[in-house]
2 protein chains.
Amino acid sequence: MGRVSDAKEKLMKAVTELIWTGSYGSTTIDQICERAGVKKGSFYYFFDSKATLAGEAIEAAWEEYRPKLDKVFSPSLAPLDRIHRFCEFEYQEQCELHRQFGHVLGCPLCTLGTEVSTQEDALCRKVQAIMDQSRKYFETTIRDAHAAGLVYAPDAAAKARTVYAYSEGLMAQARIRNDLQVFREMERGILDLLGVKEREALAT
Amino acid sequence: MGRVSDAKEKLMKAVTELIWTGSYGSTTIDQICERAGVKKGSFYYFFDSKATLAGEAIEAAWEEYRPKLDKVFSPSLAPLDRIHRFCEFEYQEQCELHRQFGHVLGCPLCTLGTEVSTQEDALCRKVQAIMDQSRKYFETTIRDAHAAGLVYAPDAAAKARTVYAYSEGLMAQARIRNDLQVFREMERGILDLLGVKEREALAT
DNA sequence: ATTCTATTTGACTAAATAGTAAACTAAAAC
DNA sequence: GTTTTAGTTTACTATTTAGTCAAATAGAAT
C-alpha cells in the first residue's frame with residue numbers, strides 16, 4: 001500500500017489555525033502549505049481546493065471538540081449546572097487560545113460561516129450542519145430544565161435557537177473587541193433568556 | 001478648484017456592496033474599481049488602501065443608516081414599542097436586501113468586524129465605534145423601560161450589551177442559513193432577555 | 001478665452017497566487 | 001530483494017493582484 005503520510009492532518013491543522021486566527025479569504029494555499037511544512041504538490045494530491053480542505057478541517061475539528069461538549073453537557077448533571085459548566089468551559093478555552101495566539105478568537109463556525117455564506121455553498125452547508133448538532137446540546141438541556149420545572153420553555157427547540165444565537169453573538173463581540181471579559185456575561189444572558197431569576201440559579 | 005468628481009462616492013458604494021454581499025478578504029481593488037466604473041489610478045488618487053476605503057465607506061453608510069434608527073427609536077414612543085418597531089424595521093430592510101441581492105446579508109458591521117478583527121486594526125476599531133453608538137439605542141430604550149417599570153434592568157448598559165449581542169448573533173444565523181424567517185424570532189428573544197412575559201408585551 | 005488645478009486615464013512593473021505535471025522516493029507487500 | 005503503490009518534490013505556466021506614474025483632460029475660476 002505504498003508509504004504513509006500525515007500531510008493531510010498537518011494541512012488540516014494549518015488551515016484551521018489560519019482561518020481562526022485570520023480569515024478564510026485572506027489565507028492562501030501557499031500559506032497553508034508553508035505552515036504545514038508540506039509542498040504544494042502534496043496539497044493538490046490530497047485536496048482539490050481550499051474549500052475542500054477547509055470543509056474536512058472543520059469536520060475533523062468538530063469531532064475533536066464534540067467529546068468535550070459531551071462531558072460538559074452530561075445528562076447526569078442538573079440542567080442549569082450544564083449551562084454553568086458550558087460557560088466556564090468556553091471561557092477557559094478562549095483564555096487558552098488567547099494565550100496561544102495573542103487574540104480572542106471566538107467561534108470559528110460563526111466567523112467562517114458569515115464570511116463564506118454567500119460564496120462557498122458546500123462549505124457553508126457543513127458549517128450549518130455542525131451548528132445544528134452543536135445547538136442540540138442546548139435543546140436537550142432546555143428540555144430537561146423545562147421537565148424539571150426549572151424554566152418555562154414548552155418549545156425547547158425554539159428556545160435553543162435563541163440561546164445559541166445569543167452565545168454566537170457574544171462570541172462575535174468578544175472577537176471583535178478582543179476582550180475575554182465579554183464571556184463573563186454569558187451565563188447571566190443565557191439564564192435571562194431562560195427566565196431564570198438571579199436567586200433561582202444559585203439555589204439549584 | 002478644477003473639476004469635481006463623484007468617484008469617491010461611487011467607490012464607497014461599490015466596496016460596501018461587495019463586502020456585504022461577499023466578504024472583505026475576497027473583494028479586490030480591481031473588482032471595486034470595475035463595479036464603481038472608476039479606473040484604478042483614480043482609486044489611488046482618493047484612497048491609499050482597501051482598508052482606508054472600507055473604513056470611510058462604513059462610516060458613510062452609518063451616517064445614512066443613523067437617521068432611520070433615530071426614527072425607529074424615537075423617545076416619543078413607548079419603550080417596548082421601539083423594540084417592536086426596530087425588529088419590524090430590521091426585517092423589512094433585510095427583505096429588501098434579499099430581493100436586491102438574492103441572499104440574506106445580516107449585519108455588515110458584525111460580518112466585517114469578525115473577519116478583520118485580527119488583521120485590520122484601524123478598520124476594526126471603526127466597526128467597534130459604530131457598534132458602540134448603535135448599542136446606545138438599546139441602552140436608552142432599556143433605561144426608559146426600566147424607569148417606566150416595564151422591565152427590571154437596573155444596569156441598562158449591561159442589558160443593552162446582552163440584547164445587542166443577541167441581535168447580532170441572530171443576524172449572523174440569518175446570513176449563514178440564508179433564511180429571512182430567523183428575524184421573526186428577534187422580538188420574542190429580546191423581550192425574553194428583558195424579562196417581559198408574552199402577555200405584558202401585548203398589553204403595552 | 002485662458003489659466004489653473006483637480007481628476008482621469010492607460011500603460012506599466014513586480015509580486016503573489018492558483019494550479020499542473022513529470023520525475024523521484026520511501027516503504028509496504030510479496 | 002523486487003515490485004508495487006502511495007506520497008513527495010521541483011520546476012513550471014498562466015493569471016491575478018497591488019501599486020506607480022507621467023501624460024491627458026475636463027471644467028471651475030478668472
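These legends walk through close-up views of a predicted model of protein chains with DNA.

**View 1. Residues around DNA strand C.** Here we look at the 19 residues that surround DNA strand C, the closest being R3(A), K40(A), Y44(A), M1(B) and S5(B). Sorted by class, this surface has 7 nonpolar, 7 polar and 5 charged residues. Three helices each supply at least two of its residues: α2 (29–36) and α3 (40–46) of chain A, and α3 (40–46) of chain B. With 4 residues, α3(B) gives the largest share.

**View 2. Polar contacts to DNA strand C.** Within 4 Å of the protein, 67% of the atoms of DNA strand C belong to sugar or phosphate, and the rest belong to bases. Two contacts from chain A go to bases: a polar side-chain atom of R3(A) lies 2.6 Å from a base oxygen, and an N or O atom in the side chain of K40(A) is 2.8 Å from a base nitrogen. From chain B, the side chain of K39(B) places an N or O atom 3.2 Å from a phosphate oxygen of the strand.

**View 3. Residues around DNA strand D.** Turn now to DNA strand D, which has 20 residues around it; M1(A), G2(A), R3(B), K40(B) and Y44(B) come nearest. Of the strand atoms that come within 4 Å of the protein, sugar and phosphate account for 64%. The surface near DNA strand D has 8 nonpolar, 7 polar and 5 charged residues. Its largest share, 4 residues, comes from α3(A).

**View 4. Chain A at the backbone of DNA strand D.** Three polar contacts are worth finding here. A polar backbone atom of R3(A) is 3.3 Å from a sugar or linking oxygen of DNA strand D. The side chain of K39(A) has an N or O atom 3.5 Å from a phosphate oxygen of this strand, while a polar side-chain atom of Y45(A) lies 3.2 Å from a phosphate oxygen. The elements giving two or more residues to the surface near DNA strand D are α3 of chain A, together with α2 (29–36) and α3 of chain B.

**View 5. An aromatic cluster in chain A.** The structure holds 20 aromatic pairs over all chains. In the pair F73(A) and Y137(A), the ring centres are 5.3 Å apart and the planes stand at 35 degrees, so the pair is tilted. F73(A) sits in the loop between α4 (50–72) and α5 (79–101), and Y137(A) in helix α7 (residues 121–147), so the pair ties together parts of chain A that are 64 residues apart in sequence. Both partners count as buried: F73(A) has 6% relative accessibility and Y137(A) has 13%. They belong to one aromatic cluster along with F86(A), F138(A) and Y164(A).

**View 6. Aromatic neighbours in chain B, and lysines over rings.** The rings of Y45(B) and F46(B) have centres 5.1 Å apart and planes at 85 degrees, so this pair is edge-to-face. Y45(B) counts as exposed at 68% relative accessibility, whereas F46(B), with a relative accessible area of 28%, is partly exposed. Elsewhere in chain B, the charged end of K50(B) sits over the ring of Y24(B), 4.3 Å from its centre. In chain A, K50(A) lies over the face of Y24(A), at 4.3 Å from the ring centre.

**View 7. Helix α7 of chain B and what follows.** Helix α7 (residues 121–147) has 27 residues, which at 1.5 Å a residue should span 39 Å; its end C-alpha atoms are 38 Å apart, in agreement. Just after α7(B), look for G149(B), which takes a positive phi of about 75 degrees.

Terms used
Residues numbered from 1 in each chain as written. Chains lettered and ligands numbered in written order. Predicted model: local features only at pLDDT ≥ 70, side-chain atom pairs only at ≥ 80, totals over all residues. Heavy atoms only, no water. Near = heavy atom within 4 Å. Polar contact = N/O pair within 3.5 Å; in protein donor to acceptor, adjacent residues only side chain to side chain. Nonpolar A, V, L, I, M, F, W, Y, C, P; charged D, E, K, R; others polar. Phe/Tyr/Trp six-rings, centres within 6.5 Å; stacked < 30°, edge-to-face > 60°. Buried < 20%, exposed > 50% of the residue type's maximum accessible area, 1.4 Å probe, protein only. Lys NZ or Arg CZ within 6 Å of the ring centre and 35° of its normal. Expected span 1.5 Å × (residues − 1).
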